[in-house]
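Me: Please take a close look at one part of this structure and describe it in a connected account. I should like to follow the strands first and then the contacts that involve them.

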Amino acid sequence: MAAIVEMKDVVKDYPLGNTVVHALRDVDLNIEAGEFATIAGPSGSGKTTILNLIGCIDVATSGLVRIAGSETVKMNDKQLTDLRLHTIGFIFQSFNLIGVLNSPGRPRVIAV
Ligand SMILES: Nc1ncnc2c1ncn2[C@@H]1O[C@H](COP(=O)(O)OP(=O)(O)OP(=O)(O)O)[C@@H](O)[C@H]1O
Ligand SMILES: [Mg+2]
């Protein structure tokens, strides 16, 4: 089976004032198509950072992130949008409702 998620030597640093937060250091991760996987770890260990990279919401500082065979660092905005639209689904812990879409007369948005 082909890996749907491939990460190799992934580093993610967040600049924070005069310092840098090393959120991910040399992360390797392979998830095969159809595989059910969980990511577990203490608060601050980098779970959300990994999901943001898989979901193309953020980009790695260095290393390889390949989603469904495409290396995300080489993709333009439109290609990333297509990948997010057709390949990746997120169920958020909070509902992330868009308040403005809940005004009277409009169909209610349950979750996005
Ligand atoms: N935008 C940011 N700017 C600076 N540091 C950040 C940013 N986002 C995350 N971090 C830091 O990166 C590290 C990893 O954070 P991350 O949110 O990925 O952890 P987590 O495992 O999802 O934690 P939790 O279980 O609390 O959700 C933490 O030290 C966090 O403080
Ligand atoms: Mg988190």
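Reply: The model is predicted. Within it, strand β1, residues 3-16, pairs with β2 in the antiparallel sense over ten bridges. Along this pairing, valine 5 stands opposite isoleucine 31 of β2. The two strands belong to an open sheet of four, ordered β2-β1-β3-β4, with antiparallel pairing. Its edges are β2 (19-32) and β4 (70-71), each of which pairs on one side only.

A salt bridge also connects the β1 and β2 strands: the side chains of lysine 8 and aspartate 28 meet at 3.3 Å, N to O. Lysine 8 lies in strand β1 and aspartate 28 in strand β2, 20 residues apart, and the pair thus links distant parts of the chain. Lysine 8 has a relative accessible area of 42% and is therefore partly exposed. Aspartate 28 is likewise partly exposed, because its relative accessible area is 46%.

The structure holds six salt bridges, and two further ones involve glutamate 71. This residue forms a salt bridge with arginine 66, where the closest N and O atoms are 3.9 Å apart. The side chain of glutamate 71 also meets that of lysine 74 in a salt bridge, at 3.5 Å from N to O. Glutamate 71 counts as partly exposed at 22% relative accessibility, and arginine 66 counts as partly exposed at 25%. Lysine 74, at 64% relative accessibility, counts as exposed. Through shared partners, salt bridges join Glu6, Arg66, Glu71 and Lys74 into one network.

The strands β1 and β2 also take part in the surroundings of ligand 1: together with α1 (47-54), each supplies at least two residues of the shell. The largest share, three residues, comes from α1. Among the residues that surround ligand 1 are Tyr14, Leu16, Val21, Ala23 and Pro42, as well as Gly44, Lys47 and Thr48. By class, the shell divides into five nonpolar residues, six polar and one charged.

Oxygen atoms of ligand 1 take part in several contacts. A polar side-chain atom of lysine 47 lies 2.7 Å from an oxygen atom of the ligand. A polar backbone atom of glycine 44 is 2.8 Å from a ligand oxygen. For threonine 48, an N or O atom in the side chain is 2.9 Å from an oxygen atom of ligand 1. Taken alone, ligand 1 exposes 640 Å², and the protein buries 59% of that.

Methods:
Residues numbered from 1 in each chain as written. Chains lettered and ligands numbered in written order. Predicted model: local features only at pLDDT ≥ 70, side-chain atom pairs only at ≥ 80, totals over all residues. Heavy atoms only, no water. Pairing = 2+ DSSP bridges. Near = heavy atom within 4 Å. Polar contact = N/O pair within 3.5 Å; in protein donor to acceptor, adjacent residues only side chain to side chain. Areas by Shrake-Rupley, 256 points an atom, 1.4 Å probe, with all protein chains shown as cover. Nonpolar A, V, L, I, M, F, W, Y, C, P; charged D, E, K, R; others polar. Salt bridge = Lys/Arg side-chain N within 4 Å of Asp/Glu carboxyl O. Buried < 20%, exposed > 50% of the residue type's maximum accessible area, 1.4 Å probe, protein only.
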